[in-house]
Amino acid sequence: MKQFITFLKKEFAHVLRDRKTLLILFGMPVAQILIFGFALTNEVKNANIVVVDYAKDESSQKLLAKIEASQYFEIEKMVISADQIEKAFQEGVIKLALVIPSNFASDLAHQNHAQVQVIADASDPNTANTLTNYISSIVLDYQQELTTNAGIPYRIMPETRMLYNPQLKGVYNFVPGVMALVLMLVCVMMTAVSIVREKEMGTMEILLVSPFKPLMVVVSKAIPYLLLSLINVAVILLLSVFVLDLPILGNIFLLFAESTLFIITCLTIGIFISVKTASQQVAMLISLMGMMLPTILFSGFMFPIENMPVALQVISNVVPAKWFYIIVKSIMIKGLGFSGIWKETLILAGMTLFLLVVSLKTFKIRLA
Amino acid sequence: MRTIRFLLQKEFKQIFRNKIILAMILVMPAVQLIILPLAADYEIKNINIAVIDNDRSPYSQRLITTITASGYFRLTGVNSSYDEAFGLIEQDEADLLLEIPAAFEKRLIRENENTLFIAVNAINGVKANLGAAYLATILKMYNNDLRLELVPSSNRIGSQPVIEVASSNWFNILMNYRVFMVPGILAILVTMIGGFLSALNIVKEKEVGTIEQINVTPIRKHHFILGKLIPFWVLGNIVFTIGLLISWLIYGIVPLGSLLVLYGFVAVYLLSVLGLGLLVSTICETQQQAMFIMFFFMMIFILLGGLFTSTDSMPEWARFISRLNPVSYLIDVMRMVILKGSGFSDVLHHLIVVAMFALVLNTWAILNYKKTS
């Protein structure tokens, strides 16, 4: 035990001496929560559009006023003709063009049927779709103002309630995702690199010939990062409660227990990588390039997993961040207890055990 | 010139000797580019719906059929109680639930109107919003059909003013999300390879101690930086070329614009990313530090770069940061040139900004590299 404490002291000294890394370690979750909380949104706002108004009459002006009043669009003050639209798209200054034909008002007055044309830059299909929908609903709104709406029989009125997140804020989705992402990357990368570093510098040799058990050498490397990560979890939760107004509905101790489990999973992945690699650069490339984008994509907080091809849905099951994301969502936002997440917990625990056994089996006491 | 040639020889030898790293540099981006765009699909389909049918009348049956026939919804089952259906939402098995009240049909006929209750799992706000909107549209259609049957004269065409919105989608008629994601992901991969490798490089020499040997030779500071810069610049271009080939072979994306513009921009862009990497490398003492600082920047660059969410929707301060973000310029230009066929004059502004980044960062790196400690 005394040996173990001595080793822990050494590892803590390593970690605490490196001020730059430490700063980033704590700065990263803060920066990410703030970026996700305030900057990133899946909504489309302030999109630049151009209006090619051939009508220039009262009806078209009223329609334009309605569009201008919405927060979704910024109407570019430029006068172009229909064949200059493509050029404007290519320059990237506008996302959508609305063409109002010259006989707009007269068609509406005499035939009760008029047409406007919407051309969207669909190189970004999502934005194109959303903007077209916005325009359509504004036009529909305008049309309904013209209609006398009295006495439509047999009306079915849907009454919709948004559960958990009535204001449809993005942070509800992002905070659990960021937690999974930060913990995953920090733990995997830091353990993998700090173990491989001892190998690369040759100091591993010294540690291995000491009377201390080789397994304990590795374990004592992981413990400082476990503590740091728990502090990170606390910081993220404090920020999300006090800065982003995202309450924690479930049991906070359960949340911390599950976070600890996930951190341990990540630490074992780091140990696994370090066992398999010999140089820091390889370890870094694997834990960064290999982990960052897949974690972002397969944890399900950016893109819905059920939309992916079946093969990728299967792959996503291997990503621990996915399970942790589900757990955090269930506890924090839905307020579920352990009975709602035992399956995910079991999967994470199983992964950890498997990785631990494999790394221990292949852990070499002799250096090549 | 001769000095640089020798330095280059040394650097290339080091790169080619480490077979694992070389393989990873070339294979990992390729694999990711093949797999990731398949995963990045934002289109909302397959919404799981649980229906609580308290009426069990022909009308409610027909409503359920209409919903499932629309193609957007997948019926998880018809439940008998609200609590049962809510349990499905808690387990993430259903995304929304629709409750049809008892005597729905009778009251609709007798009282001329009736209410349906919809509850949506809104943790993912966008998905919830779209799901509710789809369902509302389907309800409206169902409602119109019913009304037409009950009062055949109600929907005479031409009695009410109608404004039709004819929409067309340019550059990507099929609205394929992958076409949009591939250039963006390629931009990120090129950035990550260039940024991380260059950030780790000088610092490795520091950590291993070989930098002392270089410091005592007459190699000039800018020679040293150039010697580090050029190999990774070449590698970056190779990765970019592989990426373009993959997007052509697998996703059938052929750049609409000129390849010359594309390569020209990437050439300048790589200089700026490598400059950032080298600068970080001169500041740090250990590889771990360098990687972490680089990682911090990459994270912010990627998130604010407009790969997943549009930069236009961000608040003013975030848009300001994204103007200082080289990655957002590359993602922009890649999409403009590859998907829309933008020409040199369209991307000139981007090019100038990125060239400025390259100049400032590399000069800074040269100044910051000190031969004496």
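**Exercise 1. Work out whether Ala103(B) is buried, exposed or in between, and describe its backbone.**

Step 1. Count the neighbours: Ala103(B) has 13 C-beta neighbours inside 10 Å. A residue is buried at 20 or more and exposed at 12 or fewer, so Ala103(B) counts as partly exposed. Keep in mind that this is a predicted model.

Step 2. Find its place. Ala103(B) sits in the loop between β3 (96–100) and α5 (104–111) of chain B.

Step 3. Look at the backbone. Most residues other than glycine have a negative phi. Ala103(B) is not a glycine, yet its phi is positive, at about 60°.

**Exercise 2. Do the same for Lys56(A): is it buried or exposed?**

Step 1. Within 10 Å of Lys56(A) there are 12 other C-beta atoms, so this residue is exposed.

Step 2. Lys56(A) belongs to the loop between β1 (47–53) and α3 (58–69) of chain A.

Step 3. Its phi is near 50°, a positive value in a residue other than glycine.

**Exercise 3. Describe the surroundings of strand β3 (residues 96–100) of chain A and say why it is largely enclosed.**

Step 1. Begin with burial: four of the five residues of β3(A) are buried, so the rest of the structure largely encloses this strand.

Step 2. Now take one partner strand. β1(A) and β3(A) run parallel and are joined by five bridges. In this pairing, Ile49(A) stands opposite Leu96(A).

Step 3. Turn to β4(A), which runs antiparallel to β3(A) and is joined to it by four bridges. Here Leu98(A) faces Val118(A).

**Exercise 4. Trace the open sheet of five strands that holds β5(A), and find which strands form its edges.**

Step 1. Write down the order: β5(A)-β4(B)-β3(B)-β1(B)-β2(B), with mixed pairing.

Step 2. Pick out the edges. β5 (155–163) of chain A and β2 (73–79) of chain B each pair on one side only. From one strand to the next, the twist averages 25°.

Step 3. See how the chains meet in this sheet. β5(A) pairs with β4(B) in the parallel sense over nine bridges, and Arg155(A) has Glu113(B) as its bridge partner.

Step 4. Look for a pairing of β4(A) with chain B. Nine bridges join β4(A) (residues 113–121) to β5(B), and these strands run parallel. Val116(A) is opposite Val165(B) there.

**Exercise 5. Describe the contact between the two chains: how many residues of chain B touch chain A?**

Step 1. Count the residues: 95 of chain B are in contact with 96 of chain A.

Step 2. Name some elements. Those giving two or more residues to this side of chain B include α2 (19–39), β4 (113–121), α6 (125–150), β5 (162–170) and α7 (177–208). The largest share, twelve residues, comes from α6(B).

Step 3. Sort the residues on this side of chain B: 56 are nonpolar, 26 polar and 13 charged.

**Exercise 6. Decide how α7(B) and α9(B) are oriented to each other.**

Step 1. Start from the geometry: α7(B) and α9(B) (residues 221–249) pack at an angle of about 160°, with their axes 10 Å apart.

Step 2. Angles over 145 degrees count as roughly antiparallel, so α7(B) and α9(B) are roughly antiparallel to each other. The crossing is right-handed.

Step 3. Look at the contact. Among its residues are Leu186(B), Val190(B) and Leu197(B) of α7(B), along with Phe232(B), Val239(B) and Gly243(B) of α9(B). The contact residues comprise eleven nonpolar, six polar and one charged.

Definitions and conventions: Residues numbered from 1 in each chain as written. Chains lettered and ligands numbered in written order. Predicted model: local features only at pLDDT ≥ 70, side-chain atom pairs only at ≥ 80, totals over all residues. Contact = placed C-beta atoms within 7 Å. Nonpolar A, V, L, I, M, F, W, Y, C, P; charged D, E, K, R; others polar. Pairing = 2+ DSSP bridges. Axes fitted to C-alpha atoms, helices over the stretch in contact; angles between N-to-C directions. Parallel < 35°, antiparallel > 145°, perpendicular 65-115°, else oblique. Left-handed = near helix turned anticlockwise from the far one by under 90°.
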